[in-house]
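Reader: I am new to protein structures and would like to learn how to read one. Could you go through some features with me, step by step?

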Amino acid sequence: MTIKIGILGYGNLGRGAESAIAQNEDMELVGVFTRRDPSTLTIATQGVPVRSANDLLEGEKLDIDVLVICGGSATDLPEMTLKYAARYNVIDSFDTHARVPEHFANVDKAAGNNGNVALISAGWDPGLFSLNRLFGNCFIPQGKDYTFWGPGVGQGHSDAARRIDGVLDARQYTLPVEKALDEVRSGSNPELTTRQKHTREVFVVAAEGADRDEITKQIVTMPNYFDEYDTTVHFISQEEMDRDHSGLPHGGFVLRSGAMASGATSVIEYSLKLDSNPDFTSSVLLAYARAVARLNAEGQKGCRTVFDVAPAYLSPFDGDYLRSHFL
């Protein structure tokens with residue numbers, strides 16, 4: 001079947017989702033929805049309407065199989081996913097790890113009560129890294145988990161910094177501490193604090209007259225984002241931001257290390273290196289959107305995470321093809 005996709009939000013992730021649809025022959029973009037004035041938005045796909053986000057909730061329900069919600073985790077997704085899951089099958093990339101259980105419970109109620117399927121926190125972390133943490137715990141029962149992010153731009157963290165009063169633009173980089181990564185790879189199972197594993201750097205364009213000391217304080221003390229890390233804040237011009245920080249690279253590593261029953265040491269490592277975080281994340285979202293559409297077609301309802309979806313549901317190919325080509 002052709003899966004009809006709607007995109008809510010047309011920032012980096014929304015544009016990435018639009019581009020990724022072209023690589024999925026079983027998907028069709030049927031609309032881009034925005035909280036801005038639709039007349040100010042020009043999208044890449046010709047013939048696809050740009051509509052107000054209000055159209056999703058007003059009047060008759062639109063013919064959309066899955067709505068891909070492309071908002072920020074700090075303030076957008078806790079409200080948006082909950083609201084739209086009551087009317088559509090939805091998927092998001094909510095990445096505030098500490099609040100995932102709360103977000104899941106809220107969305108599960110909204111989707112389940114209305115016969116829809118929602119999938120939250122899809123992407124690479126949470127998402128693919130989450131799966132690899134789970135696999136590691138299953139395959140090395142006695143061991144330790146380690147996750148390193150970067151070097152790269154954190155979109156959610158950058159968005160959170162941009163929400164601070166007086167900040168015109170911001171770009172946040174997460175940097176793994178190489179010494180700590182090498183220790184883990186050695187199989188020595190070191191005890192590492194959050195600060196020992198990563199540092200953060202934030203480049204900020206401040207409004208004229210803004211209190212830079214207050215901006216710095218709000219960034220470095222922000223719960224769930226910066227307060228547990230050694231964070232350095234740099235103030236730069238918009239010209240410098242545009243010239244030196246326009247890309248969105250990212251990546252990271254998930255490792256689990258431990259001893260097997262014989263005493264032999266095993267280390268599992270999974271890594272990603274991404275030139276464009278939003279391009280890759282949006283491609284993951286679309287694969288899981290395919291799963292959402294299939295689950296809904298089976299009559300399922302409620303919220304799901306990547307833990308709940310069989311890998312075959314992500315692929316456009318049937319079981320015979322998967323067994324003959326990938327098994």
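Reader: Let me begin with a single residue. Is Glu102 buried, partly exposed or exposed?

Author: Keep in mind that this is a predicted model. To place a residue, we look at its relative accessible area: under 20% is buried, over 50% is exposed, and partly exposed is in between. Glu102 has 42% relative accessibility, so it counts as partly exposed.

Reader: Which residue forms a salt bridge with Glu102?

Author: The general idea is that side chains of opposite charge can pair when their charged atoms come close. Here the partner of Glu102 is Arg99, and their closest N and O atoms are 3.3 Å apart. Arg99 is partly exposed too, with a relative accessible area of 28%.

Reader: How many salt bridges does a search of the whole structure find?

Author: The search finds 17 salt bridges. One of them joins the side chains of Arg323 and Asp320, with 2.8 Å from N to O. Both residues belong to helix H11, which covers residues 319-325, and they sit 3 residues apart, about one turn of the helix. Arg323 and Asp320 are both exposed. Salt bridges can also share partners: Arg35, Asp76, Asp159 and Arg163 are joined into one network in this way.

Reader: What about Arg133 and Asp125, where the side chains meet in a salt bridge: are these residues buried or exposed?

Author: Let's take them in turn. Arg133 has a relative accessible area of 19%, so it is buried. Asp125 is buried as well, at 13%. The N to O distance in this salt bridge is 2.7 Å.

Reader: I have heard that peptide bonds can be cis or trans. Which is the bond from Asp125 to Pro126?

Author: As a general rule, most peptide bonds are trans, and most residues other than glycine have a negative phi. The bond from Asp125 to Pro126 is cis, with omega near 0°. You can find Pro126 in the loop between strand S6 (117-119) and helix H4. Another cis bond joins Gly150 and Pro151, again with omega about 0°. Pro151 is in the loop between strand S7 (143-149) and strand S8 (152-153).

Reader: You mentioned phi as well. What is the phi of Ser121?

Author: Ser121 is not a glycine, yet its phi is positive, about 60°. This residue also lies in the loop between S6 and H4. With a relative accessible area of 6%, Ser121 is buried.

Reader: And where is Asn224 found?

Author: Asn224 is in the loop between helix H8 (212-220) and strand S11 (230-235). Its phi is near 70°, a positive value in a residue other than glycine. Asn224 is partly exposed, with a relative accessible area of 47%.

Reader: Let us turn to empty space inside the protein. How many cavities of 30 Å³ or more does the search find?

Author: A cavity is space where a probe fits but cannot get out. The search of the whole structure finds 1 cavity of 30 Å³ or more, and the largest cavity holds about 30 Å³ of space.

Reader: Which residues line the largest cavity?

Author: The lining is made of Asn132, Arg133, Gly136, Asp145, Val254, Leu255, Arg256, Ile268 and Tyr270. By class, there are 4 nonpolar, 2 polar and 3 charged residues. At least two lining residues come from each of H4, strand S12 (250-259) and strand S13 (265-274).

Reader: Could we look at one of those residues? Where is Leu255 found, and is it buried or exposed?

Author: Leu255 is in strand S12. At 1% relative accessibility, Leu255 counts as buried. Residues distant in the sequence may still meet in space, as this case shows: Leu255 and Thr147 are 108 residues apart along the chain, with their C-alpha atoms separated by 6.3 Å.

Reader: To finish, which residues form a nonpolar patch on the surface?

Author: Phe135, Phe139 and Ile268 form that patch, with about 280 Å² of accessible area together. Ile268 is also one of the residues that line the largest cavity. Phe135 is in helix H4, residues 128-139. Phe135 counts as partly exposed because its relative accessibility is 38%.

Conventions: Residues numbered from 1 in each chain as written. Predicted model: local features only at pLDDT ≥ 70, side-chain atom pairs only at ≥ 80, totals over all residues. Heavy atoms only, no water. Patch = residues over 30% accessible without salt bridge, like charges linked within 9 Å, V, L, I, M, F, W, Y side chains within 5 Å. Areas by Shrake-Rupley, 256 points an atom, 1.4 Å probe, with all protein chains shown as cover. Salt bridge = Lys/Arg side-chain N within 4 Å of Asp/Glu carboxyl O. Helix = DSSP H or I, 4+ residues; strand = E, 2+ residues; numbered from the N terminus. Buried < 20%, exposed > 50% of the residue type's maximum accessible area, 1.4 Å probe, protein only. 1 Å grid on protein atoms, 1.4 Å probe; cavity = no way out; pocket = protein on both sides within 12 Å on 5 of 7 lines; lining within 4 Å. Points joined across faces, edges and corners; volume = space filled by probe spheres on them. Nonpolar A, V, L, I, M, F, W, Y, C, P; charged D, E, K, R; others polar.
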